[in-house]
Amino acid sequence: PAWLRRLCGQLLSERLMRPSGVQAVVRGIMEGTGAGGAGAEAAAVDWRKCDAVAKILASCPQQCLSLEDYYRLVCPQILDLLHIQDKRTARQFQRVATTTLLTMAKEHPQLAEEHLLQPLLAPLLRCSET
């Protein structure tokens, strides 16, 4: 029903914009992926889930006041997904982060540059300046 979809969307949006909310949402959705069955079918399911999560993260929720606010709150959390230490989870989280980054860069290049690309490339730029 529409009311349930709206309520779930609202709860998901609220969680994403809290500290560590992106990681919690990604963990919740990806839980169990890659743990069972091997082979091409399991890999395809894994890819589809990662792409679906990336689409969710790249979409600004209706409850957010502005796209700028959403990027300011969520993008640092997306970059944090690249630093997960657990090897089993790291691959999925990195896949979600890179797909989200690409989607955001295509949809809103200026915001993605400011909130994702500049922080991501800052250490490289510092090294090249010296």
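Which residues in helix 4 are buried? Let me take that one straight away: in helix 4, the buried residues are Y70, Y71, V74, C75, Q77, I78 and L79, where buried stands for under 20% relative accessible area, exposed for over 50% and partly exposed for what lies in between, computed with a 1.4 Å probe on protein chains only.

Before going on, a word about the model. This is a predicted model, in which local features need pLDDT of at least 70 and side-chain atom pairs count only at pLDDT 80 or more, while totals for chains, interfaces and linings use all residues. Residues are numbered from 1 along each chain as its sequence is written, and side-chain values use heavy atoms, with hydrogens and water left out.

As for the overall layout, the protein chain has 6 helices and 0 strands, and its elements, read from the N terminus, run α-α-α-α-α-α; helices (H or I, at least four residues) and strands (E, at least two) are DSSP runs, numbered from the N terminus. Of the 130 residues in the protein chain, 32% are buried. If we take the contacts between residues at least 6 apart in sequence, 67% of them join residues at least 24 apart, contact being defined as heavy atoms within 4.5 Å.

Back to helix 4, which covers residues 67-80. Its 14 residues should span 20 Å at 1.5 Å a residue, and because its end C-alpha atoms are 20 Å apart, the two values agree; the expected span is 1.5 Å times one less than the number of residues. The helix nevertheless carries a kink of about 30 degrees at V74, shortly before the proline P76, the bend at a residue being the angle between axes fitted to the seven residues ending there and the seven starting there.

C75 is in helix 4 as well, and its relative accessible area is 0%, so it counts as buried. Leaving out residues up to four places away in sequence, C75 touches Y70, M104, H115 and L116. For L116, the C-alpha atoms of the two residues are separated by 6.0 Å, although they lie 41 residues apart along the chain.

Y70 brings me to the aromatic residues, where a search of the whole structure finds 1 aromatic pair. The rings of Y70 and Y71 have their centres 6.4 Å apart and their planes at 70 degrees, so this pair is edge-to-face; the rule takes rings of Phe, Tyr and Trp (its six-membered ring) with centres within 6.5 Å, and calls planes under 30 degrees apart stacked, over 60 edge-to-face and the rest tilted. Y70 and Y71 are both buried.

Next is helix 5, residues 87-107. Its 21 residues should span 30 Å at 1.5 Å a residue, which agrees with the 30 Å between its end C-alpha atoms. The buried residues in helix 5 include F93, R95, V96, T99, T100 and M104.

How does R95 in helix 5 sit in its surroundings? R95 has a relative accessible area of 13% and is therefore buried. Apart from its neighbours within four places in sequence, it is in contact with D46, W47 and C50. R95 also lies over the face of W47, at 3.8 Å from the ring centre, by a criterion that asks for NZ of Lys or CZ of Arg within 6 Å of the ring centre and within 35 degrees of the ring normal.

T99, also in helix 5, is buried at 18% relative accessibility, and beyond residues up to four places away in sequence it touches D51 and A54. A54 belongs to helix 3, residues 40-58, and at 0% relative accessibility it counts as buried. With the same sequence exclusion, A54 touches V96, T99 and T100. A54 and M104 are 50 residues apart in sequence, and their C-alpha atoms are 9.3 Å apart in space.

Two smaller items remain. S20, in the loop between helix 1 (2-16) and helix 2 (21-30), has a positive phi of about 60 degrees although it is not a glycine. For context, most residues other than glycine have a negative phi.

Finally, a search of the whole structure finds 0 disulfides, a disulfide being a pair of cysteine sulfur atoms within 2.5 Å. Among the cysteines, C8 is partly exposed at a relative accessible area of 44%, whereas C127 is exposed at 59%.
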